[in-house]
Amino acid sequence: MSNKHKFLVLNPSPEGLDKVIEKANLQNQKIGPFEAILLLGDVLPEGSSIPSNEFQQSAFFTQGTNGISENIPEGNSESRLVDVKKNLTYMKTPFTKFKLASGLTIAYLAGTEITEEIQQNVEKEMGVGKIDILVTYSWPYAIARQRKLLLVANNKIDSLVKKFKPRYHFAVGNERGRYLENEPFKWEDDSITRFISLGQEGSGEKWFYAFEIANELTQTSPAQLVENPFTIQVVDTPEPAKRPIEDVEEKNVAPVKKAKVVTPDQCFFCLSNPKVETHMIVSIGSYTYMTVAKGPLTRPSKNLAFSGHAIIIPIEHMATLRNTTDNIIESPIYQEIVKYQDSLVKAFAVSKPFLRLVFFEINRKTNVHQHVQFLPIGENLIEAFPKALEEKSKLNNENFERNQKLNFDEFTDAENPELLKILNNSDYILFTVCHNASDKTFYVAELKDESKAVDLQFPRRVLAYTLKCPKRTYWDKCQQSKYKETQECEEFKNFYKEFDFTK
């Protein structure tokens, strides 16, 4: 028996898992047989179906960040391995370690929350031996820091990597995945680790990886090794405030980088921009206008001929309404935005009563141009929104230390003093869920810490999770041709024309 074993690693799209299985089986015949097929990311998220095709070799997966399919059987309570179907095995959360017949050890860490208790249990139950192949969802912080991609990292993974020193470490980083094949690095005991992250199938990035690994832990040192990112000492630069200002000579002061000023003729949302895409404009009012979204989250269906994802935008170039008024509800711009919202809710209530509208915005004084987006959600899915918001907020707050903490307050009155205080005085993220014209729920989170980043994809991330289409989280991956954008705009105009107050 050969002491070398072949593996195939895939980050499949859950919507096309049957086709991925066909491709995996073809590769197994061409370059295999594989010892095992390791699946990364969200393989069978909540709401997905078990594939009808079967893998020719044993395939393994665990939960990502979008829940797990309710169709997966419970399995034996004493085992952490669940047979979903022939040659497809689910690794129970939050972690599972197992040994193949070859003696190689594999460990899966799910994309669920990693608490201090879970971290300690992982280290305890995985034992003291080394792991040949480690699969996690997020990247370790040490590698993400070097690549300046901290949003894909979770610093709790670092201690696990340092303890177990896996020979191969696979991850995805986020829902659409991020491709990286890091240069191998050496530990103090001369063992080697290779870190590989894969994009999701269909993302345009590499989503598959085949490799060969020997039984022996001793490895021939590669010709190209880089410094171990887990052993690099990071020295924090002292804050300027800690140094007496009179001790700093002007010539030694680094210039402060100023944010680029975007003028109206350069702004994507300004009608005065000569490159504005007029074929997408649905309606123009006195102070605001409405356009279909570029890269819509939702898609046309048999029940709605257009996506329904659109944007309400002030005509005047402004970062936030707070720059123009002391009380935004008295602003004619704000009032016209609300007028658009109410007319849209009525239009959908009359023609598509099974759909509910959700409006959302990230309102910051550092924005380029204020805007409010909205899209329809089926009444059978809208009940999942609060849970999706809670889960994605928790993930943001606990896994991404450089992000602003998001704590949402819920209001049912648009003129609630506490809500208006936030809208008038703070940066914020706001969701407005419209059950009907008079029944609205507002979910708002203040953005209090300007020193930390804001996940600009957060609203879309929450709604993609609610709609069970995580693959469409990023708008640039959902762009349409100009022909389809024009067609969608015309469909929206025909749908909305009886309710368009600007005519």
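The axes of helix H6 (residues 385–399) and helix H8 (residues 458–466) come within 9 Å of each other and cross at roughly 130 degrees, where helices (H or I, at least four residues) and strands (E, at least two) are DSSP runs numbered from the N terminus, and where axes are lines fitted to C-alpha atoms, for helices over the stretch in contact, with angles running from 0 to 180 degrees between N-to-C directions. That angle makes H6 oblique to H8, because angles under 35 degrees count as roughly parallel, over 145 as roughly antiparallel, 65 to 115 as roughly perpendicular and the rest as oblique. The crossing of H6 and H8 is right-handed, a word used if the near helix is turned clockwise from the far one by less than a right angle, whereas an anticlockwise turn is left-handed.

This is a predicted model, in which local features need pLDDT of at least 70 and side-chain atom pairs count only at pLDDT 80 or more, while totals for chains, interfaces and linings use all residues. Residues are numbered from 1 along each chain as its sequence is written, and side-chain values use heavy atoms, with hydrogens and water left out.

On the H6 side of the pair, Phe385, Ala388, Leu389, Glu391, Lys392 and Ser393 meet Phe458, Arg461, Val462, Leu463, Tyr465 and Thr466 of H8, contact meaning heavy atoms within 4.5 Å. How many of the nine residues of H8 are buried? Nine of the nine are, so H8 is largely enclosed by the rest of the structure; buried means under 20% relative accessible area, exposed over 50%, and partly exposed in between, with a 1.4 Å probe and protein chains only. The cover over the buried residues of H8 includes strand S17 (355–363), strand S18 (372–378), H6 and strand S20 (427–436). After H8 comes Lys468, whose phi is positive, near 60 degrees.

A second helix pair is formed by helix H5 (residues 332–351) and helix H9 (residues 482–496), which pack at an angle of about 85 degrees with their axes 10 Å apart. That makes H5 roughly perpendicular to H9. In this pair, Tyr340, Ser343, Leu344, Ala347, Phe348 and Ser351 in H5 meet Phe492, Phe495 and Tyr496 in H9. Aromatic residues of this contact return in a cluster, since ring pairs link Phe306, Phe348, Phe359, Phe374, Phe492, Phe495 and Tyr496.

The structure holds 27 aromatic pairs, counted where rings of Phe, Tyr and Trp (its six-membered ring) have their centres within 6.5 Å; planes under 30 degrees apart count as stacked, over 60 as edge-to-face and the rest as tilted. In one of them, the rings of Phe60 and Phe98 have their centres 4.7 Å apart and their planes at 35 degrees, so the pair is tilted. This pair links distant parts of the chain, with Phe60 in strand S3 (residues 59–62) and Phe98 in strand S6, 38 residues apart, and both Phe60 and Phe98 are buried. Phe61 and Tyr90 form another tilted pair, at 5.4 Å centre to centre and 45 degrees between the planes. Here Phe61 in strand S3 and Tyr90 in strand S5 are 29 residues apart, so that distant parts of the chain are linked, and both Phe61 and Tyr90 are buried.

Rings also take part in contacts with charges, where a charge sits over a ring if NZ of Lys or CZ of Arg is within 6 Å of the ring centre and within 35 degrees of the ring normal. The charged end of Arg80 sits over the ring of Phe95, 5.4 Å from its centre, and that of Arg176 sits over the ring of Tyr474, 4.0 Å from its centre.

The backbone has its own details to follow. A cis peptide bond runs from Gly32 to Pro33, with omega near 5 degrees, and Pro33 is placed in the loop between helix H1 (17–31) and strand S2 (36–39). Another cis peptide bond joins Thr93 and Pro94, with omega about 0 degrees, and Pro94 is found in the loop between strand S5 (88–91) and strand S6 (95–99).

Lys148, although not a glycine, has a positive phi of about 60 degrees; Lys148 is exposed, with a relative accessible area of 75%. Lys165, also not a glycine, has a positive phi of about 45 degrees, yet Lys165 is buried, with a relative accessible area of 12%.
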